[in-house]
Amino acid sequence: MPFRRYLPHYLMIAPFMVLFAVFFLYPILSGLFYSFHDWNGVRTPEFVGAANYTKIIGSRDFSRAMGNLAAYIAITVPLGILVALGLALLVDSFTGRWSNFFRNAYFMPVVLPAFLAATIWRWIYAPNFGLLNIVLGWFGIPSVNFLNDTDTMLYALIAVDIWVSAGFNMVIILAGLKNIPTELYEAARLDGASKRQQLFHVTVPMLWPVLFFVLTYGLISAMQVFDKPWLLTGSSFTSYGGRRNALLFPVMDMMGRAFGGVKFGEAAAYGFLLTIAIVVVTGVMFGLRAWSERR
Amino acid sequence: MAFLDISSVSKSFGSVSILRDVDLSIEEGEFVVFVGPSGCGKSTLLRMISGLEEISAGTISIAGEVMNEIEPADRGAAMVFQSYALYPHMTTFENVSFGLRMAHKARDFIAGRVNEAATILQLEKLLARKPGQLSGGQKQRVAIGRAIVREPRVFLFDEPLSNLDAELRVQMRAELTELHKRLGTTMIYVTHDQIEAMTLADKMVVMAGGLIQQAGPPLTLYDDPDNQFVAGFVGSPKMNFLAGQLASVDAGSVKLSGVGGAADITLPIGGVGGGARAVTLGVRPEHLTIAGDDAPGALSGRVTLVEELGAESFVHLTVADGTPMIVRARRDAARAGSRVRLGIDAGRALLFERDGQRIRGSLSLQ
Amino acid sequence: MSTMRKQRRLTVWTALKWALALAIALVAVFPIWWMINVVFAQAGEPVSLNPRLWPTSLGAGIDKIATIFAETGYLRAYGISILYALLTIAGVLLVGSLAAFEFSLFEFPGRKILFGVVLLALMVPTAVTIIPTYVLVSRLGWLNTMEGLVVPGLASAFGLFMLVQFMRAIPKDMIEAARLDGAGHFQIYWHVVLPLCRNALVTLAILTFIQTWGNYMWPLIVGTREELYTVGQVVGQFNSPLSHHTVDTVMTANLLAAVPPLIFFLIFQRQIVQGIAMSGSKG
């Protein structure tokens, strides 16, 4: 009887919840199902237990992809946030028109689709005729094949990533900066703190929740990197990852197994493995925060 | 059968009880004010009448029909909110006509009703403006207009004047009284301000702790309160309360000793039962007079502060047992630091049990 | 004496600050600028003669744009991307606002649990859903259709979260007043709440546009036939080492793909920045 009273509410949320259940919850569950099966999309799936999982974990590509990922996030996330923090502080030190101007300039790359950033930079990095190599040529340095030299590829990717995402994080950090009451800085100044001391003892501690959010969100999205390395190496489903798999990453490997090797069960298992890794990392982050808050 | 009947109504949120067994009858056309300190349940009671809050137990009926299960919009009640709750993106006209438009009434019908309300409330020139362009008082009138067009049988007001400044409040009080006279509709009004309650109400309902302490005409509550809470709540400055002992009783009077620690006072209250016991004497600041130290009178005290208001003064003093008192006197009546004697108009003084109940004796005051 | 030194030190700091800020601005904007220059330069001109530091030929640029539209499926891809974006925006806003209305302003059994589940979704990586969602879409027969592109993305947890935050700020007594006035549930949603969160809706629309326009992975696997290629896919096509297009053509394609988001950004920068900042500070 009272259910009838709540009926309008359920009706209004129904479109969202139905779509959510069908296109989000169901895929998660069916993915779990497929991950324990061998399936090429056409035949009936064949139950193989944990075979997909063991196969993936033992494969060389997986180790390579995870290794690349570890190196990638270890550099790009902290570096990206430092750059974003620096940019935010820089923009904040200007006022009015100029502040907006710089903020917009730094934010512009974020608005560009990732595939665009990748293709533009692909040409900037091009050997001999790419912009970077032309500039190097002015200094007499021989051409570097940024995207094909296994030593430089990862760093080339990281540079593009920071170029695109620093502005995004900067905007969030800027909002956090604006929320710090000026009285705190004034009190610190009266207490004799220098600008650098103010930075470390007022700004950073007050920014901590925002930095934590940016860090965590950055980690979660960096662990799922796909667009940029795919496009920078000109990959396709038959040949991906760049020279000697230097830019092979988990999501790319997963997609390759699904659409290149047509092994959907394996790909589903791969997705879950990556998700476990992401959950672990997120858990560690939250655990660190809880631990530091308790002290 | 009263027009609006509140019968054994209780309300609780989970295990927290807000209202306990409330009974009240409201006649048609009455202006009723629920007044009391924060948390006493007055707003909750109002919202239960409107239908915005569920009734946990008991019934509320309008014109004989039980309203418990009926949708707010179908009860024939309209409400004016404390924050006015005007729709900021709509003009005054659209705000006032909102309910009628949602019911898909004819355009002429809507225009007619809105213009009528606008005339009553002097809103004719403001119909095209949006709330952001209106002053507090104007917004208040638009909110009232929105209620009027629905031609309700009960108007509900939830602290509507709290957001206005003092001067405007006085003006709006007068306008509300005018409106009530003009429309004659039953009005139920909630406020924490007892001055508003005193000036607006036909029937004043003082609430505290989820119970109705007393209901009746304002002056009755002022002169003849049922308990110490009502006595202290109504009237400003507050009534003075002094501890004392009921020493002896005879046919037409009651003798108190140790009032305020020291004084013996006799009150003309006859037929007081029970034995000797601790009691409380209540006397309003205007029923006391300041006399010099040598004048007759049982109560004496030391003046701590004199507030000169020009036409009169409020003299703050403490008596023997340390209880603070306020006396309403003429200007220059006393000086801080001096000792004074107080004269009491014994006929206007009130007597209470220690638990707050009023002691009336067998003869009740008129 | 010391005030003069302080003033001079201030100028040194300020000069450094400005130099740094401008240099970074240059780095941020230059690749876009370079792209414009490559397009608006004579085709085939050797880089040693014209290092593409500024546009040199308006005509050449226009030629290239015209060529791309005429000779490749680019115009069609543009249309597909725009349609994809518009449909997604309409869907996300409608479905999201209906649900956000309920979650933010009303109580009903199961509200907390349902909302909690959706919030958890924000933390689930796309990696785990994309393959199974593909399989589902394929089973529904929606591969290579607009439905397949659009519908899976409509239940946006981010959009819901953002709208709920906005709607929570609407004073409850406005809703109660509407209820007392006899407005029906949907009427309250349509006449009272939606107009009041216009800003949030606009911001969400813009963010959704930018995200949809730049979506690469999903269209890549759902739109395998050329008729349904989005701009992203076409650009990626031009980009692959198998393509025989020149830098000029590729850059023209890139530039055209960059124009809509850049225009949106230049017009709505305040809203976009505010929208992102708000979601970050509440997250």
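This report describes the sheets of chain B, the interface of chain A with chain C, and selected local features.

The structure is a predicted model, in which local features need pLDDT of at least 70, side-chain atom pairs count only at pLDDT 80 or more, and totals for chains, interfaces and linings use all residues. Residues are numbered from 1 along each chain as its sequence is written, chains are lettered from A and ligands numbered from 1 in the order in which they are written, and side-chain values use heavy atoms, with hydrogens and water left out.

**Chain A and its interface with chain C**

Chain A contains twelve helices and two strands. Here helices (H or I, at least four residues) and strands (E, at least two) are DSSP runs, numbered from the N terminus. Along the sequence, the pattern of chain A is α-β-β-α-α-α-α-α-α-α-α-α-α-α. Its C-alpha atoms fill a box of roughly 80 × 75 × 40 Å along the principal axes.

The size of an interface is often given as the accessible area lost when the parts come together. Chains A and C bury about 7500 Å² between them, and 83% of this lies on carbon and sulfur atoms. Buried area is the accessible area (1.4 Å probe) that two parts lose on being put together, summed over both. On the side of chain A, the residues that lose the most area to chain C are A:Met12, A:Phe16 and A:Phe23, together 11% of what that side buries. In terms of contact (heavy atoms within 4.5 Å), 74 residues of chain A meet 89 residues of chain C. Across this interface the rule finds zero salt bridges, a salt bridge being a side-chain nitrogen of Lys or Arg within 4 Å of a carboxyl oxygen of Asp or Glu.

A nonpolar surface patch of about 490 Å² is formed by A:Ile276, A:Val280, A:Val284, A:Leu288 and A:Trp291. Patches are made of residues with over 30% relative accessible area and no salt bridge, with like charges joined within 9 Å and nonpolar side chains (Val, Leu, Ile, Met, Phe, Trp, Tyr) within 5 Å. The accessible areas come from the Shrake-Rupley method with a 1.4 Å probe, and for residues only the protein chains shown count as cover. Of this patch, A:Ile276 belongs to helix H12 (residues 264-294) of chain A.

**Sheets of chain B**

Strands of a sheet pair through backbone hydrogen bonds, either parallel or antiparallel. Two strands are taken to pair if DSSP finds at least two bridges between them.

One open sheet of chain B has five strands in the order E13-E12-E11-E14-E20, with antiparallel pairing. Its edge strands are E13 (263-267) and E20 (350-353) of chain B, each of which pairs on one side only. The twist averages 40 degrees from one strand to the next; axes are lines fitted to C-alpha atoms, for helices over the stretch in contact, and angles run from 0 to 180 degrees between N-to-C directions. Within this sheet, E11(B) and E12(B) form a hairpin with two residues between them.

A further open sheet of five strands, also in chain B, has the order E15-E19-E16-E17-E18 and antiparallel pairing. Strands E15 (288-291) and E18 (324-329) of chain B stand at its edges with a single partner strand each, so one side of each is left without a neighbour in the sheet. Neighbouring strands of this sheet are turned by 45 degrees against each other on average, direction ignored.

The following antiparallel pairs are listed with one opposed residue pair each.

| Strand pair | Bridges | Opposed residues |
|---|---|---|
| E11(B) and E14(B) | seven | B:Phe241 and B:Gly282 |
| E11(B) and E12(B) | five | B:Val249 and B:Val254 |
| E12(B) and E13(B) | four | B:Leu256 and B:Ile265 |
| E17(B) and E18(B) | six | B:Ser313 and B:Ala329 |
| E1(B) and E2(B) | seven | B:Phe13 and B:Val16 |

**Local features of chain B**

E1(B) and E2(B) form a hairpin with two residues between them, and B:Gly14 in the turn has a positive phi of about 65 degrees. B:Asp21, although not a glycine, has a positive phi of about 50 degrees; this residue is found in strand E2 of chain B. B:Ala85, likewise not a glycine, has a positive phi of about 50 degrees and lies in the loop between strand E6 (77-80) and helix H2 (92-102) of chain B.

The peptide bond from B:Ser236 to B:Pro237 is cis, with omega near 0 degrees. B:Pro237 is placed in the loop between helix H8 (228-233) and E11 of chain B.

Over all chains, the structure holds 19 salt bridges. One of them joins the side chains of B:Arg141 and B:Glu175 at 3.5 Å, N to O. This pair links distant parts of the chain, 34 residues apart: B:Arg141 is in helix H4 (residues 136-148) and B:Glu175 in helix H5 (residues 166-183) of chain B.
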